Amino acid sequence: MTPDPTLVDWTIRFAFGAVAVAKILSLVRLIIGPTTSDRILALDTLTVNAIGLIVLLGIAQGTSIYFEASMIIAMLGFVSTVAYARFVLRGDIIE
Amino acid sequence: MTATSIGEFAIIACLLFGALFSVVGAIGLVKFDNPMTRLHAPTKVGTLGVGSLLLAAVLHAWVYGDGSMHQLLIVVFLFVTAPISANFIAKVSIHHKTCETPPPPAKDKTWATLDTPE
């Protein structure tokens, strides 16, 4: 990053803050959520926001080596959401 | 107005759009009062919010570096899997009877496609 922050750098910092606020609000729903589906939904939203944070880190550092990490988190987040939902629905994940 | 500054403004627009949609989806997740309405808001985080952030990453790589398109793979993966996980969460909500059950089907005797005049 250049020593003198440009407008793009300030926007990246604002986006970091916004996604962090989104993660905190999802954590609030994960804690207070009255039903099981709310908690699964909050975990899914946390995973999606984690992908956003990793992508922002890749933009801020100007590299694309975080692509594999965010791809793996996207895949594991989807699989874990389906696994939670199947455990609630069927009482077992793999029958 | 060079091509680099146009690219910078496109990156800024995509970043602001994605960040604002992430926050709006999370506020909706906290403030809505019903499990099915709460399901509506965070699906926008997955598609519009993170989709715009990844588009900003692609534009950043094209403007400042040597260009790469493979962040679009994550966008495609999220667009494909978001409705599936939302459907599973809705099935969990129906299973726990935390939402209104859908109305019963109409008492027709035949399929609508077969119900044509001769």
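**Cavities, a pocket and a surface patch in the two-chain model**

The structure holds 2 cavities of 30 Å³ or more. The model is a predicted one, and the volumes, areas and distances given here are to be read in that light. The largest of the cavities has a volume of about 210 Å³. Its lining is made up of 20 residues, and those nearest the centre are Asp44(A), Val48(A), Leu78(B), Ala82(B) and Ser85(B). Two or more lining residues come from each of helix H2 (36–61) and helix H3 (67–90) of chain A, and likewise from helix H3 (42–64) and H4 of chain B.

Ser85(B) offers a convenient way into this region. The residue sits in helix H4 of chain B, which spans residues 71–95. Ser85(B) counts as buried because its relative accessibility, 4%, falls under the 20% cut-off. Leaving aside residues up to four places away in sequence, Ser85(B) is in contact with Asp44(A), Phe78(A) and Thr81(A). One of these partners, Asp44(A), is also listed among the residues nearest the centre of the largest cavity.

Attention now turns from the cavities to the pockets. The largest pocket has a volume of about 260 Å³. Around it stand 20 lining residues, with Gly62(A), Thr63(A), Ser64(A), Ala61(B) and Gln71(B) nearest its centre. At least two residues of this lining are supplied by each of H2 and H3 of chain A and H3 of chain B.

Helix H3 of chain B also carries Ala57(B). With a relative accessibility of 7%, Ala57(B) is another buried residue. Its contacts, again without residues up to four places away in sequence, are Val55(A), Ile59(A) and Gln71(B); Gln71(B) is one of the residues nearest the centre of the largest pocket. Within chain B, Ala57(B) and Ile11(B) are separated by 46 residues in sequence, yet their C-alpha atoms are 7.9 Å apart in space.

The outer surface gives another view of the two chains. Here, Leu7(A) joins Met1(B), Ile6(B) and Phe9(B) in a nonpolar surface patch of about 480 Å². Met1(B) belongs to the segment that comes before helix H1 (3–31) of chain B. Is this methionine, Met1(B), buried or exposed? Its relative accessible area is 79%, so Met1(B) is exposed, the cut-off being over 50%. Ser85(B), by contrast, is buried at 4%, as is Ala57(B) at 7%.

Key. Residues numbered from 1 in each chain as written. Chains lettered and ligands numbered in written order. Predicted model: local features only at pLDDT ≥ 70, side-chain atom pairs only at ≥ 80, totals over all residues. Heavy atoms only, no water. Patch = residues over 30% accessible without salt bridge, like charges linked within 9 Å, V, L, I, M, F, W, Y side chains within 5 Å. Areas by Shrake-Rupley, 256 points an atom, 1.4 Å probe, with all protein chains shown as cover. Salt bridge = Lys/Arg side-chain N within 4 Å of Asp/Glu carboxyl O. Helix = DSSP H or I, 4+ residues; strand = E, 2+ residues; numbered from the N terminus. Buried < 20%, exposed > 50% of the residue type's maximum accessible area, 1.4 Å probe, protein only. Contact = heavy atoms within 4.5 Å. 1 Å grid on protein atoms, 1.4 Å probe; cavity = no way out; pocket = protein on both sides within 12 Å on 5 of 7 lines; lining within 4 Å. Points joined across faces, edges and corners; volume = space filled by probe spheres on them.
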